[in-house]
Amino acid sequence: MNKDFQSRRDFVKAGSLLAGGLLAVPLTSKADGFFNSSVADEIKIALVGCGGRGSGAAVQALSTKQNVKLVAVADAFADRMEGGLKNITEALTASGSADKIAVGDNKFVGFDAYTKAIPLADVVILATPPGFRPIHFEEAVRQGKHIFMEKPVATDPAGVQKVLAAAVEAKKKKLNVVVGLQRHYQNSYRALLKNKAMIGDIVSGNVYWNNDGVWVNPRKDGQTEMEYQMRNWYYFNWLCGDHINEQHIHNIDVFNWFKGSYPVRAKGTGGREVRKGKDYGEIFDHHHVEFEYADGTILNSECRHMKGTWAKVDETILGTKGKILCGDAKIVDYKGKPLFQFNKKTENNPYQAEHDELFAAVAKGEYKFADAENGAKSTMTAILGRLATYSGQVMEWDTALMSGLSLQPAEYSWDAKMPLNPDSNGLYPVAVPGVTRFFV
């Protein structure tokens with residue numbers, strides 16, 4: 001399981017959108033896209049993407065207080081689908097809740113598996129590699145389902161545009177959408193946000209995701225190029241978006257959330273110092289990006305995957321009167337005087353909280369969560385940073401978002417022609433700052 005999903009102290013979600021006053025509107029009919037209007041009803045769940053995070057999210061959804069049942073699972077790979085279902089069954093059996101699993105024959109495999117699982121559910125969990133998120137989200141919204149989808153929600157600007165368009169439709173249909181930027185659901189972050197006025201106007205910030213890195217799945221004999229890249233998805237941008245997108249999005253999103261806006265441009269530097277060899281696809285192992293906001297605010301963003309270096313996953317937000325130290329869950333002035341300290345004994349598990357709150361809203365027939373727009377724009381922020389570090393150029397938000405740039409293959413099939421292929425030594429082309437260009 002990705003370290004992102006199992007360790008760390010952090011996260012929760014309150015969302016500027018929620019704070020912005022989304023309606024709590026009872027939903028009572030299928031025409032509204034809602035199929036369970038009371039807690040007495042059974043809420044059917046479909047899981048799309050049965051890897052470590054997907055099975056974990058399913059267990060959390062099935063651990064809520066509502067009358068929920070897992071009725072369908074889907075994955076591109078049969079072994080991952082069976083493995084994920086096994087993990088879910090073991091976890092639910094240990095908690096005495098195995099009766100919440102009612103999948104039966106509703107086990108679907110292949111690139112189109114999601115089209116067969118989604119119709120069976122009231123709430124859909126989308127947890128495949130993020131390159132697939134836009135088309136899965138589009139389909140779930142089209143079918144009028146409530147949605148939990150993991151972050152990031154895309155890997156390229158074209159995917160972000162798809163999610164933004166589908167988010168508009170989700171709002172029209174009053175579909176609850178929660179994105180797994182779980183700091184929005186964490187008690188400490190919510191308390192810090194509530195008290196952010198103590199630091200005055202936000203003028204800058206520093207955010208970090210520096211640690212050892214993640215797993216590698218070496219190539220096996222007989223794999224097509226599509227299967228190899230899918231099995232090793234973290235290292236290919238059409239699937240992952242690089243670690244600045246896949247993991248560091250959390251920290252970038254926190255600053256966007258507290259700032260209440262998104263950057264207008266980015267510039268930065270990055271490369272591969274330790275990520276050598278054919279097992280590491282095309283992604284960098286370090287990025288440093290300076291994001292600039294419309295009012296001149298600067299965010300310094302740093303992420304690195306290198307063993308033996310100092311590790312830090314955290315955010316500091318600086319204002320005219322003081323600063324917010326998110327990891328310490330406190331606010332201080334510039335002389336170090338504490339202005340606010342969150343009681344960490346009251347911290348919660350944000351991974352569970354995001355499902356608790358989503359399913360409580362669904363069970364009550366309330367429309368409370370519309371996280372997709374923020375999820376898409378924070379994803380775009382991370383993508384903008386990647387475009388800046390890969391090219392070494394200044395990247396403008398509007399130019400990048402409206403570019404239509406897509407990294408996706410022309411078709412999804414096991415023998416598809418891939419947009420990126422290894423050379424005769426098994427090495428993939430890697431971006432070179434100053435040479436690689438996206439928008440000439």
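The following paragraphs go through two sheets and the helices that lie against them.

The model is predicted, so local features are taken only at pLDDT of at least 70 and side-chain atom pairs only at pLDDT 80 or more, while totals for chains, interfaces and linings use all residues. Residues are numbered from 1 along each chain as its sequence is written, and side-chain values use heavy atoms, with hydrogens and water left out. Helices (H or I, at least four residues) and strands (E, at least two) are DSSP runs, numbered from the N terminus.

One open sheet has 6 strands in the order 3-2-1-4-5-6, with parallel pairing. Two strands count as paired if DSSP finds at least two bridges between them. Strand 3 (107-109) and strand 6 (177-179) are at the edges with a single partner strand each, so one side of each has no neighbour in the sheet. Neighbouring strands here are turned by 15 degrees against each other on average, direction ignored.

Strand 5 (residues 146-149) is joined to strand 6 by 3 bridges, and the two run parallel; F148 has V178 in strand 6 as its bridge partner. Strand 4 is joined to strand 5 by 4 bridges, again parallel, and L126 stands opposite M149 in strand 5. Both faces of strand 5 are covered, with H146 and F148 buried on one side and I147 and M149 buried on the other. Buried means under 20% relative accessible area, exposed over 50%, and partly exposed in between (1.4 Å probe, protein chains only).

Strand 4, helix 6 and strand 5 form a right-handed β-α-β unit, and so do strand 5, helix 7 and strand 6. A crossover is right-handed if, with the strands pointing away from the viewer, the path from the first strand over the helix to the second runs clockwise. Helix 6 (residues 133-142) lies across strands 1, 4, 5 and 6, at about 165 degrees to strand 5. Angles run from 0 to 180 degrees between N-to-C directions, and axes are lines fitted to C-alpha atoms, for helices over the stretch in contact. Helix 12 (residues 350-364) lies across strands 1, 2, 4, 5 and 6, at about 175 degrees to strand 5.

Helix 7 (residues 157-172) also packs with helix 13 (residues 372-391), at an angle of about 170 degrees and with the axes 8 Å apart. The two helices are therefore roughly antiparallel (angles over 145 degrees; under 35 is roughly parallel, 65 to 115 roughly perpendicular and the rest oblique). Contact means heavy atoms within 4.5 Å. Among the residues that meet are V160 and L164 in helix 7 and A376 and I383 in helix 13.

Helix 13 leads on to the other sheet, where it lies across strand 8 (265-271), strand 9 and strand 15, at about 55 degrees to strand 8. This open sheet has 9 strands in the order 14-13-12-11-7-10-9-8-15, with mixed pairing. Strand 11 (residues 312-319) and strand 12 (residues 322-325) run antiparallel and are joined by 3 bridges, in which L318 is the bridge partner of K323.

Helix 11 (residues 249-259) lies across strands 7, 9, 10, 11 and 12, at about 165 degrees to strand 7. Of its 11 residues 11 are buried, so helix 11 is largely enclosed by the rest of the structure. Just after helix 11, G260 has a positive phi of about 80 degrees.
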